Every structure is written in structure tokens, then in C-alpha cells.
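Dear colleague,

I am passing the structure below on to you, together with some notes on what was found in it. Please read them with the sequence and the structure side by side.

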Amino acid sequence: MSNRATWTSRVGFLVAAIGSAVGLGNIWQFPFKTAANGGAAFVVFYLLAVLLLGFPALLAEFAIGRRTKANAIDAFEEMGHRSWRVVGALSVLTGFWILSYYDVVGGWVLRYMIGSATGAYFDAPGQYFGTIASGPEAILGQAVFIGLVVGIVALGVADGIERATKVMVPSIVLLMIGLAAWAFTLGGAAEGYAYFLSPDFGDLLANAPSVIPYAVSQAFFTLSLGMAIMITYASYVGEDDSLAVDGGVIVVSNTLIGVLAGLVVFPIMFAIGADPTQTTTDALFVAVASAFAQLPLGNLLGVVFFGVVLMAALSSAISLLEVLVAYAADNYDVARTRLAVAAGVLLFLLGLPSAWDTAWFGWFDAVAYNLFLPLSVLFVVIFVSWVIGREAVDELRRGTTGAGRFGSVWLWTTRIVVLVGILVTLAFGVNELFLAENAAFFAPF
């Protein structure tokens with residue numbers, strides 16, 4: 001086996017990690033989940049989840065990765081706890097599960113970027129989405145998107161992932177700022193901002209049991225937690241980097257871009273009179289596309305917007321595929337290119353149900369958000385805070401000067417606040433998935 005890959009610089013790690021976080025989770029899922037779960041009330045729960053649960057859990061994954069310099073499965077054995085490898089396997093499975101339907105959305109984005117240039121969806125955006133969202137058209141888009149992801153991952157950590165994200169992430173930020181400034185000029189901007197940023201606290205409390213699982217899982221998803229990504233990426237990090245500072249940069253960057261996405265999408269939706277409470281997974285593709293069909297320079301704006309979404313989708317997808325490739329590269333003497341192609345084929349097969357029928361797409365998403373993500377993060381948090389505890393604190397202190405009691409505060413926050421928060425989220429999620437009226441798990445059957 002060849003020597004293990006590393007980032008060429010700390011900036012390379014940060015950009016790649018931010019790129020993983022700043023993906024479809026922010027630009028597609030965040031506005032969609034916000035619209036489907038009460039608007040600003042969802043945003044409040046989401047921000048609390050990022051701060052109180054997401055940031056400490058992110059540092060837990062960082063500590064495992066850098067301490068062991070191993071992939072997400074072998075890392076637990078490297079720390080002397082072989083039986084906990086199953087937790088790493090669950091994280092890898094979760095990431096692969098999510099990527100299986102995520103790449104279907106990537107195919108949609110490709111089609112809409114091309115459709116913006118040609119005006120193909122301008123006459124009937126809803127009908128266009130129905131045509132490309134499932135069936136042979138969706139499978140073709142899925143295959144092309146997976147091919148792009150496989151190509152980048154096959155090039156390696158430095159030449160593929162790091163180089164690609166160094167171009168994509170700054171481009172995403174600059175273009176999103178420009179789109180937000182343009183959205184500010186639309187007639188529905190004020191109403192969109194009010195829906196997005198003015199919470200009704202009565203509504204927030206009344207709907208907490210159904211909103212919390214999605215808000216917390218959205219925080220985990222957008223921070224790339226519970227999917228073995230941050231364990232894998234941190235395993236390539238130098239020992240002198242401050243994990244706490246790097247984690248803070250990633251959390252702040254991720255949150256700001258999520259807010260930017262809302263500042264783009266909701267003014268557009270209100271400008272064309274779309275009802276955000278009636279949107280589903282197609283919010284980005286029907287409501288936003290309808291606006292481009294009606295506005296001057298709609299072709300150009302559509303290409304720019306969906307180009308940004310495509311870069312975001314790729315930056316996250318390559319991190320999800322890298323998790324499995326990293327495990328295989330560490331354990332088998334097989335060329336990275338072959339591993340990436342093999343993983344891509346498996347991914348394509350697992351994603352076929354989601355590409356063929358949107359009912360299965362929703363099923364995969366519900367299982368991921370309500371069960372796999374919180375369960376995976378829960379086991380990682382238990383392992384780091386209660387099994388290796390002080391060893392994790394020592395790892396966080398390495399490269400961090402003047403941290404004082406930060407390590408101890410982080411440890412007890414993770415042991416109590418994060419653990420309780422995830423358990424509550426998991427309980428609500430299991431109820432939504434299996435026990436509630438019209439339980440999501442049984443919907444496609």
C-alpha cells in the first residue's frame with residue numbers, strides 16, 4: 001500500500017471541510033427543510049443545534065481522526081477499542097446511504113443548469129421537474145453526476161479533492177453574495193425575509209416535537225457529522241493545527257452560507273407568490289426556476305444559480321465518496337482510481353430506487369434524518385466523551401495555545417448537553433419514522 005495522503009496545507013483542509021459542509025445541505029436542504037417546518041421557527045432550532053450540539057460533536061470527530069491518522073472504521077481499533085469499529089462502519093454506511101439519493105439531486109441540478117441555458121423549463125417548470133425527477137431521465141442525470149464525483153476523488157486528496165474545493169468554495173461564496181444582493185431587489189424580498197428570519201415562538205413551541213429531529217439532523221448534515229467525513233478529513237491534518245479554531249471556522253462559514261441561501265431562495269419564492277408551506281423537495285427546482293422563467297435575463301441568472309448549486313453538490317459529494325475510498329485504500333493494495341470507480345458503481349445501484357421513484361427518494365431521506373444521522377453521531381459522542389474522554393481532550397489541546405479550561409468544558413458539554421440533545425432528537429425521530437400517523441418509514445410500501 002502507498003503512503004497515506006495528507007493535505008498540502010491547513011488552508012487546504014479548511015477549504016475542503018467547508019466545501020463538504022457547504023453543499024446541497026445548505027443550498028437545497030436548508031431552505032426546503034425551513035419551508036416545510038415552520039420557517040423562522042425551524043431556523044431558531046437549527047441555530048441552537050449547530051451551536052450546542054454540532055460544534056462539540058464536530059470536535060469529537062476531529063479528535064478521533066487526527067489522533068489515529070486512520071479511516072473512520074480502523075480509527076476505533078487504533079485507539080485500542082476494536083469492538084467499536086461497528087460505530088465507524090455505521091458512519092460510513094450513513095454517508096453512503098445519504099450520497100445514494102444526494103447524487104440524484106446532483107443529476108437534477110445538472111439538468112436545470114442546462115435547462116436554464118436553453119430555456120427548456122421556462123414554459124412549465126413544474127412539468128419539467130416531473131419529467132426529469134424520476135425514471136430514465138433521473139437515472140441518466142444520476143450517472144453523469146456520479147461520474148464527475150468519481151473523477152475528482154480518483155485524482156486523490158491533494159490533486160483531486162483539495163484542488164477542486166479551492167476553486168469551488170470561494171466561487172460559491174462570491175456568487176451567493178451576488179445572488180443575495182440581486183434577490184434583495186425583488187418585490188417579495190421583505191415578505192421572504194420575514195418568513196425566514198421572524199420566528200413565531202408560539203408556533204415554535206407547539207411544533208417542537210416534529211421540528212426538532214429535522215433541525216438537529218439538518219445541523220449534523222450541513223456540518224457533515226455522523227457520516228465519517230470529518231473523521232476521515234481530520235486524519236489527514238497536521239498535529240500543530242488548532243482543531244478548536246478550525247472547527248469554529250467551519251461552523252461559522254457553514255452557518256453564514258446557509259443563511260445566505262435562505263436570503264436568496266425565500267425572496268424569490270415570495271416574489272412569484274409561491275406558498276413556502278406547500279413546498280417539498282422540489283422547492284429549489286420549481287419555485288426558484290419559475291422565477292427565472294419570469295425575470296429578465298432569466299437564462300443567465302438560472303445558469304449562475306444552478307452552477308453555484310452544482311459546485312456545492314460536488315464539494316459535498318466528493319467528501320462522502322472519499323470516506324469509503326479512504327477505508328479501502330488503507331486496507332487493500334488497489335489503485336485509488338479502481339476503488340473510486342467501484343464505489344461509484346455501488347453508489348449508482350443503491351441510488352436507483354430514489355432515481356426511479358420520488359416516493360423512495362423521500363423514504364431514504366426520512367430514514368437518514370430520523371434514524372441514521374442521530375444514531376451515528378450519538379455513538380461517536382458516547383465513545384469520545386465517555387470511553388476515551390481525557391485522551392480526546394489532550395488531542396484538542398494539541399496545537400491550541402491559551403485554551404485554559406476549554407478542553408474540560410468541551411468534554412462535559414459533550415457528555416451531558418450533546419448526549420441528552422441527541423437522545424431527545426433520536427426519540428422524536430423514531431416516533432416520526434415509525435409511530436406517528438402516516439409514519440414515513442411505511443409510506444412507499
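Two helices count as roughly perpendicular when the angle between them is 65 to 115 degrees. Please bear in mind that this is a predicted model. In it, helix H5, residues 85–118, packs against helix H7, residues 136–154, at an angle of about 100 degrees, with the two axes 7 Å apart, and H5 and H7 are therefore roughly perpendicular to each other. On the H5 side the residues that meet H7 include Val104, Trp108 and Arg111, while those of H7 include Glu137, Phe145 and Leu148. Sorted by class, this contact of H5 with H7 has eight nonpolar, five polar and three charged residues.

The other helix to look at is H17, which runs over residues 358–387 and, with its 30 residues, reaches 41 Å from its first C-alpha to its last, close to the expected 44 Å. H17 bends by about 45 degrees at alanine 368. Its N-terminal end is capped by aspartate 357, a side-chain oxygen of which lies 2.9 Å from the backbone nitrogen of alanine 359, and H17 is followed by glycine 389, which has a positive phi, near 20 degrees.

With best regards

Conventions. Residues numbered from 1 in each chain as written. Predicted model: local features only at pLDDT ≥ 70, side-chain atom pairs only at ≥ 80, totals over all residues. Heavy atoms only, no water. Axes fitted to C-alpha atoms, helices over the stretch in contact; angles between N-to-C directions. Helix = DSSP H or I, 4+ residues; strand = E, 2+ residues; numbered from the N terminus. Parallel < 35°, antiparallel > 145°, perpendicular 65-115°, else oblique. Contact = heavy atoms within 4.5 Å. Nonpolar A, V, L, I, M, F, W, Y, C, P; charged D, E, K, R; others polar. Expected span 1.5 Å × (residues − 1). Bend = angle between axes of the 7 residues up to and from the residue. Polar contact = N/O pair within 3.5 Å; in protein donor to acceptor, adjacent residues only side chain to side chain.
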